[in-house]
Every structure is written in C-alpha cells, then in structure tokens.
Amino acid sequence: MRIVILGFGAVGQGVAHVISLKKDYLQRKYDLNPQIVAVTDSSGAAINPEGLDEELLLNTKTEKGKISSYPDYGVPGVDSLKVLDEVEYDCLVEVTPTDIDDGEPARSHIIKAMENGKDVVTSNKGPLALSFKDLDDCAKLNNVEFKFEASVGGAMPIINFAHETLAGCSIESIYGILNGTTNYILSRMANEGSSYEQTLKEAQEMGIAETNPYQDVEGIDAACKIVILANSVLNLPVTLKDVEVEGISRITSESIALAKKEGMLIKLIGEASPDALEVSPRLVRQGSPFAVEGTLNVATLKTDLADDVTVVGKGAGSVETASAILSDMVNIWKKRK
Amino acid sequence: MRFNLVLDLPDVPGQLLEVLEPMGRLGANIVAVIHQRDVKTERGTVPVQITIEGDKETLDKVMGALESKDIHIIEVDGVLRKEQITTVLIGDIVEEDLQDTVAQLNQLKGVRVADLDLKMSDKEGNSATKMVMEANSGLKKEVLKNVKELGAKKGFLVINEV
C-alpha cells in the first residue's frame with residue numbers, strides 16, 4: 001500500500017512513527033506493507049516512489065525542521081496538489097493543520113485524491129465540519145474509501161465503532177466530552193477550587209492548552225466533532241453553523257462548588273440528538289461515566305437495542321491519534337485486498 | 001389492591017393527620033404507617049411511608065384527594081412520582097430579580113423550586129445559583145427548556161443536566 005502523507009506536524013509524524021513501529025506486525029497479521037512514497041509540509045516535500053524511510057523522515061523533521069531537507073529525495077517548495085498529481089499512490093493520509101473557516105487546503109487535497117480514485121484517511125476536522133456531505137458524496141461518486149476515525153476523540157473509537165460493532169443498532173443520540181483541554185481545565189477547577197483564568201494559565205504552561213485557546217475553550221473544537229458525529233453516525237446533514245455553542249470561559253469556581261454540593265460536576269458536553277445539536281457546559285453526576293478526569297474523552301451512544309454504550313479514550317496525542325489513522329488504513333487494506 | 005406511598009411532609013404538628021383523614025373518609029384501609037421524625041431530608045422535611053389497601057376506584061380517589069391538598073407524593077409503589085431537576089445559573093442573579101426567576105420557574109404546572117443556593121462572586125455579573133426543582137415525572141424536558149429560555153432572557157449562563 002503506497003501512502004502519501006500531507007502535513008507533517010504531530011499527527012503526521014505520529015503516522016510515520018507507528019508505521020515504522022508496527023511494520024512486522026502489519027506484515028504478519030494483515031500481509032500489509034505500507035510504503036510512504038511522499039510526505040509534504042510547509043517547506044515542500046520528500047518523494048521516493050520506492051518508499052521513504054520512516055526514521056529518516058522523523059529525524060530530518062526534528063533536526064532540520066523541514067521535510068524538504070530529506071537527503072537525496074527532498075523537493076523544496078513543491079505544492080501539495082502537484083505532489084498528488086505526480087506521485088503514484090493508493091491512499092492519502094491528510095493531516096495538514098485544521099482550518100475551520102474554509103477547510104482549506106485539506107478540502108482540496110481530499111477532493112483531488114478522491115477524483116483521482118484514491119482512498120483517503122484524515123484526522124482533519126475542518127473540511128468535515130464544513131462540508132461533510134460534499135466529501136461523502138465525492139467519495140461515493142468516485143467509489144473510494146473515506147475514513148476519519150481520528151477526527152473525533154483521537155484514539156477513542158467511536159465512528160467505526162458505531163458503524164461496525166453496533167451495526168445492528170439504530171443510534172438515536174450521542175452525548176460526549178469531546179475536548180481534552182476543557183475537560184482538563186474543568187477537572188482541575190473542581191479538584192483545586194481554582195479560578196478559570198488561573199487554571200487556563202496553568203494548562204497553557206503545561207502545553208495542554210494552546211497559546212490561543214479560543215477554539216478549545218469556546219467549544220468550537222467540540223462543535224466540529226459533534227457535527228462529524230451527527231453526519232456520519234446519525235445521518236443528519238448539518239454543518240458547523242447549525243451547532244448552538246457555549247464554551248467554558250464563563251464558568252466560575254463558585255458554580256462548580258454549588259454543583260459539587262449536589263453531587264455533580266460541570267463538564268463541556270456535546271450533544272447530537274433529534275432535539276438538539278449543541279455544545280454547552282452541563283451538569284453530570286459524580287461517579288457517572290461522564291465524570292472522567294484530565295484530558296480524557298468520553299462518549300455515550302444511545303441505541304435502540306443495546307441501550308446506552310459508552311466509550312472512553314485519549315482524545316489527543318501524536319501516537320494515539322495516529323493509531324486511529326493506522327486502523328483506518330488497515331480497514332481499507334482489508335477491503336481492497 | 002395495595003399502594004405503597006412515600007410522602008414528603010413538613011415537620012410541623014398535624015401533618016400526618018392531614019394525610020390520614022382522606023384515607024379514612026374515602027374508605028381505604030391503612031395497612032402500615034412508617035413515620036420516623038428523626039430521619040429528615042436535606043430540606044428538613046420528613047419522609048413518611050404509608051401502605052393503603054382498597055379497590056382501584058377508592059385508591060384513585062385517595063390519590064386525587066392527596067393531590068388536591070397539595071400533599072407531596074414522592075413515590076408510588078417504588079416509582080418516583082416527582083423528578084428532581086438540578087440547574088446552575090451564572091450571571092447577575094440578584095440584580096435580575098431572583099424572586100421573579102423562581103416565580104417564573106414555579107409557573108409551569110407541576111413544577112416547584114424546592115431548593116435554592118446562592119453564591120456571590122467578587123466579580124460583577126458572576127454570581128451563581130443552584131436550584132433543585134421538583135417536577136411531575138415526564139415534565140423534565142419542558143422544565144429544562146423553560147430554564148434555558150429564562151436564562152436567555154436574563155443573560156444567565158444556564159448549566160442544565162445532561
């Protein structure tokens with residue numbers, strides 16, 4: 001299986017790392033030999049039809065900061081779309097930075113690959129939250145596989161889980177904690193009694209919250225994920241603008257203390273149901289499945305036959321997110337074989 | 001047939017009699033009364049368990065009589081009659097007329113604010129209140145919607161249960 005990785009940040013590097021790590025395993029278990037034939041970042045690309053070396057890719061990026069410095073096969077300044085035109089490959093792994101205004105450049109990358117008859121795996125929330133239906137239609141029209149497990153909840157299985165493991169159930173609604181940063185902040189505020197501002201600052205110092213935390217704390221990131229779940233699991237043709245969003249920046253330590261008196265915690269919950277499409281701070285019972293701490297993600301699927309099913313997992317992290325991408329790749333391989 | 005009831009009574013003289021009177025008058029047979037004044041709820045009320053016996057018609061009449069007397073029935077045969085709904089509001093709680101907030105929530109039939117807790121903040125517009133509402137079962141969705149609308153009107157951040 002020849003792979004092109006567009007974007008070589010934390011997730012892209014995670015993908016190279018897990019491919020290198022699991023080579024023997026994939027060969028033995030699935031007779032799968034993933035070959036990375038091209039990688040791009042903002043500096044350009046590294047291209048080798050015979051396959052690039054994963055460790056060398058990672059070392060080049062760490063030491064030189066640019067993938068185009070890859071020895072012998074580096075191509076500075078080349079455009080990603082051009083790479084997709086010129087390189088022979090089977091599967092695109094689209095992991096460029098998320099853009100929630102127009103979903104670019106990921107959207108164009110994905111469409112181009114599909115129109116060329118290639119399968120696509122992505123963790124990119126932007127294009128999915130803005131134009132899910134277009135992408136889904138495009139995949140069907142071109143008869144290609146389109147998988148995006150890593151876009152929601154990182155390593156927490158939910159999309160494939162809903163489609164495959166719960167294939168016999170109708171899923172009526174989904175509730176979940178879909179953003180690790182806000183869950184960390186709210187958990188710390190509940191445990192330490194600290195203020196929102198102070199806790200956010202601490203999270204930033206620890207690298208859990210970004211310097212510009214807007215998309216996380218105002219619920220935008222979680223809203224993107226709820227849109228993806230609404231579309232892919234509940235078949236609701238919605239986009240980001242349909243979500244009612246309230247973040248956690250107005251949450252005070254006083255309100256958390258009051259909730260605790262009643263045996264409850266405040267969590268940022270995404271809901272996709274026939275009644276609502278929203279992200280908002282909600283009360284959950286201490287000891288309930290939603291009372292997870294730290295950066296964990298959790299989601300409950302309400303089904304007709306199996307009642308409530310809850311999954312918990314790591315919502316972020318390079319290798320964790322890459323694990324979901326690798327699983328998507330394996331599933332595509334099994335189908336194509 | 002039999003009904004096992006759990007009632008929630010204020011801890012003042014005469015309350016138990018008030019409950020037993022319609023039962024006797026309407027012809028229901030009182031099988032058991034468990035009344036422990038030292039077991040109180042957080043709000044200081046006393047839960048009382050009563051088992052009554054009679055035909056369906058009589059028992060229905062008794063339930064009707066209790067309800068018309070505004071006696072607070074928590075449970076019938078192990079099934080909760082009332083749901084507790086907790087909500088937390090953040091905003092200008094006091095300035096936006098707390099009494100009016102409670103009155104508006106009580107307006108919905110079958111709903112009453114049973115408990116209220118207020119925490120002032122040193123920052124303006126940031127005080128918080130926790131309310132526990134009791135509602136007839138089946139009303140939860142409507143109550144949550146009502147709270148949300150009220151919050152939007154008064155500029156509160158509403159934190160409802162999942």
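Two strands are said to pair if DSSP finds at least two bridges between them. In this predicted model, that criterion is met in chain B by strand S2 and strand S3 (residues 46-53), which run antiparallel and are joined by six bridges. Within this pairing, B:Ile30 stands opposite B:Ile52 in S3(B).

The pair belongs to an open sheet of five strands in chain B, with the order S2-S3-S1-S4-S5 and antiparallel pairing. Strand S2 (29-35) and strand S5 (79-80) form the edges; each has a single partner strand, so one side of each is left without a neighbour in the sheet. Helix H1 (residues 15-26) of chain B lies across strand S1 (2-9), S2 and S3, and its direction makes an angle of about 150° with S1(B).

At the level of domains, chain B is divided into domain 1 (2-80) and domain 2 (82-160). The C-alpha centres of these two domains of chain B lie 29 Å apart.

The contact between the chains takes 19 residues from chain A and 15 residues from chain B. On the side of chain B that touches chain A, at least two residues each are supplied by strand S6 (82-91), strand S7 (111-119), strand S8 (127-136) and strand S9 (157-160) of chain B. By residue class, this side of chain B divides into seven nonpolar, four polar and four charged residues.

Chain A is also assigned two domains: domain 1 (2-155 + 318-336) and domain 2 (165-314). Their C-alpha centres lie 28 Å apart. Between them, 14 residues of domain 1 of chain A are in contact with 15 residues of domain 2 of chain A. Helix H6 (residues 125-141) of chain A gives the largest share of the domain 1 side, namely six residues. The residues on that side of domain 1 comprise eight nonpolar, three polar and three charged.

The loop between H6 and strand S7 (146-147) of chain A contains A:Asn143. This residue is exposed, because 8 other C-beta atoms lie within 10 Å, and a residue counts as exposed if that number is 12 or fewer. The C-alpha atom of A:Asn143 is separated by 9.3 Å from that of A:Glu115, although the two residues are 28 residues apart along the chain.

A parallel pairing is found in chain A, where strand S5 (residues 91-94) and S6(A) are linked over four bridges. Here A:Glu94 stands opposite A:Thr122 in S6(A). Along strand S6 (residues 119-122) of chain A, A:Asp119 and A:Val121 point one way, whereas A:Val120 and A:Thr122 point the other way; all of them are buried.

Helix H9 (residues 196-205) of chain A offers a contrast between its faces. A:Tyr196, A:Thr199, A:Leu200 and A:Ala203 are buried in this helix. They cover an arc of only 100° around the axis, and therefore lie on the same side of H9(A). The cover over the buried residues of H9(A) includes helix H8 (180-192) and helix H10 (214-217) of chain A. The face turned away from the buried side of H9(A) carries the exposed residues A:Glu197 and A:Glu205. After H9(A) comes A:Gly207, which has a positive phi, near 80°.

How values were computed: Residues numbered from 1 in each chain as written. Chains lettered and ligands numbered in written order. Predicted model: local features only at pLDDT ≥ 70, side-chain atom pairs only at ≥ 80, totals over all residues. Domains from an automatic or database assignment. Contact = placed C-beta atoms within 7 Å. Nonpolar A, V, L, I, M, F, W, Y, C, P; charged D, E, K, R; others polar. Buried ≥ 20, exposed ≤ 12 C-beta atoms within 10 Å, placed from the backbone. Arc of directions from axis to C-beta. Axes fitted to C-alpha atoms, helices over the stretch in contact; angles between N-to-C directions.
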